[in-house]
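Student: Could you give me a close look at one helix here, and tell me a bit about the chain next to it too?

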Amino acid sequence: MGNLFRSEEMTLCQLFLQSEAAYACVSELGELGLVQFRDLNPDVNAFQRKFVNEVRRCDEMERKLRYLEKEIKKDGIPMLDTGENPEAPQPREMIDLEATFEKLENELREVNQNAEALKRNFLELTELKHILRKTQVFFDEAEYGCYPTYYSSSQMADPSREEEQVTLLGEEGLRAGGQALKLGFVAGVILRERIPAFERMLWRACRGNVFLRQAEIETPLEDPSSGDNVFKSVFIIFFQGDQLKTRVKKICEGFRATLYPCPEAPADRREMAMGVMTRLEDLNTVLGQTQDHRHRVLVAAAKNIKNWFVKVRKIKAIYHTLNLFNLDVTQKCLIAECWVPVLDLETIQLALRRGTERSGSSVPPILNRMESFEDPPTYNRTNKFTYGFQVLIDAYGVATYREVNPAPYTIITFPFLFAIMFGDLGHGLLMALFAGWMVLREKPLAAKKSDSEIWNIFFGGRYVILLMGLFSMYTGFVYNDIFSKSLNIFGSYWTVNYNKSTVVTNKDLQLNPSTDDYYQHPYPIGLDPVWQVAENKIIFMNAYKMKISIIVGVFHMLFGVCLSLWNYMYFRKRISIFCEFIPQMIFLCFLFLYMVILMFIKWTCYGPKTDDVKTSPYCAPSILITFINMVLFNENSAPEVCDQYMYSGQRPFQMLLVVIALLCIPWMLFAKPMLTIRNQRRMHVLLNSNHQNHAVGSENGDAEAALAQGQIPPPLPPHKEEEELPIGEILIHQGIHTIEYVLGSVSHTASYLRLWALSLAHAQLSEVLWNMVLRNGLMFEGWVGGIALWITFAIWSTLTVAILVLMEGLSAFLHTLRLHWVEFQSKFYQGMGYDFQPFSFEAILDSAAQAPEE
Amino acid sequence: MGASVVPILVFTILWGIVGIVLPFVVPKGPNRGILQVVLMLTAATCWLFWLCCYLSQINPLIGPKLSNRTVLLMAREWVS
């Protein structure tokens, strides 16, 4: 049958593959993407499957590739994505790939390690250079002019002295202690943040007997392992004695300060400094070369890395699938079970033949169709246009196998119901333009894989949005609403006939349709533009929009009930046609379609320009009250001069309709269970009599049995045997269905009034934005007006897009979705199937590409 | 009543062509069924929508209430 109206016919197939050819065949099937494999080893542990080693190797390769990718990204090298789709490589090529990756990874790791060691060396030398420079300052200061004070130990390096002795307290100390005190020092580098704590610790631990000088290093230094730039300071600590020396060293270790040997004599220091500079230059050169090498390696890898990723993922997918297969007794052949669309059997056979040829095997694979009682998966073949609508339906529930698919009808009813709520020519135009842009630039936009989920949703639904926009333009044209203003194309069919004095003295005047104010036939397309400038617009619009909401709703629901008939006819459930479809139709039509007909009668029969008061606006009945009275069997009440009813015989006719509709309820409730139970009993009797006949073995019995069997209804299409349900369950099921339908028809009909509500809200919001925002910009003249208009237009357009197009659009979209899912589909849809998920490289690669970017 | 024949005829014929004639002319291909359904539903819904709007205005039960400024503007701009 037509492709999208029902899900595809599926069949369970058994696939026999020779072990050598298996890999190539699965690779071909993966490119095709039409086969869903079943797991034939469900209770086998993942680690005990046949191809677990190969999967592990693939995992390892992927890990190496990810490491490479990380390094490439760190250096900011662009990765070339040619968009080509390389085929899954043969198993023997896997070893080559593994070797390549291993080599690359080792090389990169080595380079990185070397670079780190070099950088560490570089850091040490830099720090030493700084120390040598700064301590020069300390020693200089000490020499040139500090006086011995209680805390300072200024008299230190005396360049003239040969011995490295400094007196701490100067002459007094010598006089007091008698012995010249020898002052030792350590020099090093520490993080700047740690200096205060370091100083405090030193002071406390050494009881104030050490002296710290420090100077900041201006340029930040690069930490080799983390790569951060940190600020450090040079320090020098002077102390006396060995104990203090040990203590100081321990504290330095604790604060992770690096100590450097610093010669005291300035000549030595200068020599050392020069040596350090030379070594630094050498190191710089080597470092540069290392980085270059690394860069070259990465650039070479970056050219192929996307390709490699695709290949490795494909290999892994193939081995995962091969793990699902069974090995047969002879150990030479793999058996697989798969769900396959019947129409594609030829294509799959071709693919299998291609795979066998590629692998060079001589034995052709065998594809056998199997009979199965399981429910096949639901497969809807969609193209890029119908895909969006199918997704909307599947989000609620995947269709049962081979039941009617609501998607093709949703293509039009969804945008139409949306448009009733969104009806505005201007906003519809904006929406249609946006969607049109997305559709026209499909290919470039699709190639640019984006992470933003919101954009992906909009782009995936571009055809839905386009249709919604186009229909909104049509309904906006009919509602005569463009950004809350009306178009006057054909000239208004209302006119004013008041004279000047009446107009001047009365603030408000109402036009009378029964006079010449109204041209007696309406504006040809849509609402008359006079209503937009009328104060009582909402009263007229309410009556109009409520009626169309109910009319559209009743027709939508009727359509849903008719689809259920199509389902029953296909699945040959004649009982259901008689016991469910017919009473449902009668109930819906006799009550709600009758109400719709009353609406049409009221529109056509009651008018202002009439001589008979009975059909004048004074006597026009309220449809709602009439309906309520009908259901409650009440009498209609009407003012004196009017007819009680719209047509003669209305009351008995209505009573008849209600009675028949009410009779449908027990019909729906009891007919099907009774028939089902009767059928079950008949089957039991027949089975029993069959057994007896076979036991006896008489010809008569056989003939009777054959006759009896002839009376049983024709066999159903390949379908699971209906389980025999107990009577109680059948009655409960039917009770639930009946209550759901009966109460639902009332509540769903009222639910369609949301079409009116949202349309009203949209129109009012639009009007508010115009009156409160844009109109203020139009009220000024001259260049002041220009600026004012520019500002107010900016505000108005931002709010229009944000509130009216986006927010209201989303709101109307959700309500339409609800109307489809609940009010429409509850009339016929079961939605108990499961989706067809074929083994497809495209799907696997797409999901793998999405996952790490999140 | 207050209906004019011309718009009703034009619109019914227009959507009739879209919904009844065009489906026969749809080119054969895998999408034939979908296109036919789309055309028929579009014609049905759009025609119904226009019809309801038209019918609701042929016998208006109330007239528009206008402020006197609007009346003056209407008299000046819209009445030929």
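Tutor: Let's start with the chain next door: chain A has an accessible surface of about 45,300 Å² (Shrake-Rupley method, 1.4 Å probe), and carbon and sulfur atoms account for 59% of that. Keep in mind that this is a predicted model, where local features need pLDDT of at least 70, side-chain atom pairs count only at pLDDT 80 or more, and totals for chains, interfaces and linings use all residues. Residues are numbered from 1 along each chain as its sequence is written, chains are lettered from A and ligands numbered from 1 in the order written, and side-chain values use heavy atoms, leaving out hydrogens and water.

Chain A has 24 helices and 12 strands (DSSP runs numbered from the N terminus: H or I of at least four residues for helices, E of at least two for strands). Its C-alpha trace spans about 140 × 105 × 50 Å along the principal axes.

Now for the helix itself, α3 of chain B, residues 68-77. Here B:N68, B:T70, B:V71 and B:M74 are buried, meaning under 20% relative accessible area, with exposed being over 50% and partly exposed in between (1.4 Å probe, protein chains only). Looking down the axis of α3(B), those buried residues fall within an arc of 155°, so they line one face of the helix; the arc is taken from the directions from the helix axis to the C-beta atoms. On the other side of α3(B), you'll find B:R69, B:R76 and B:E77 exposed. And what covers the buried residues? The cover includes α15 (500-505) and β12 (508-510) of chain A, along with β1 (65-67) of chain B, with contact meaning heavy atoms within 4.5 Å.
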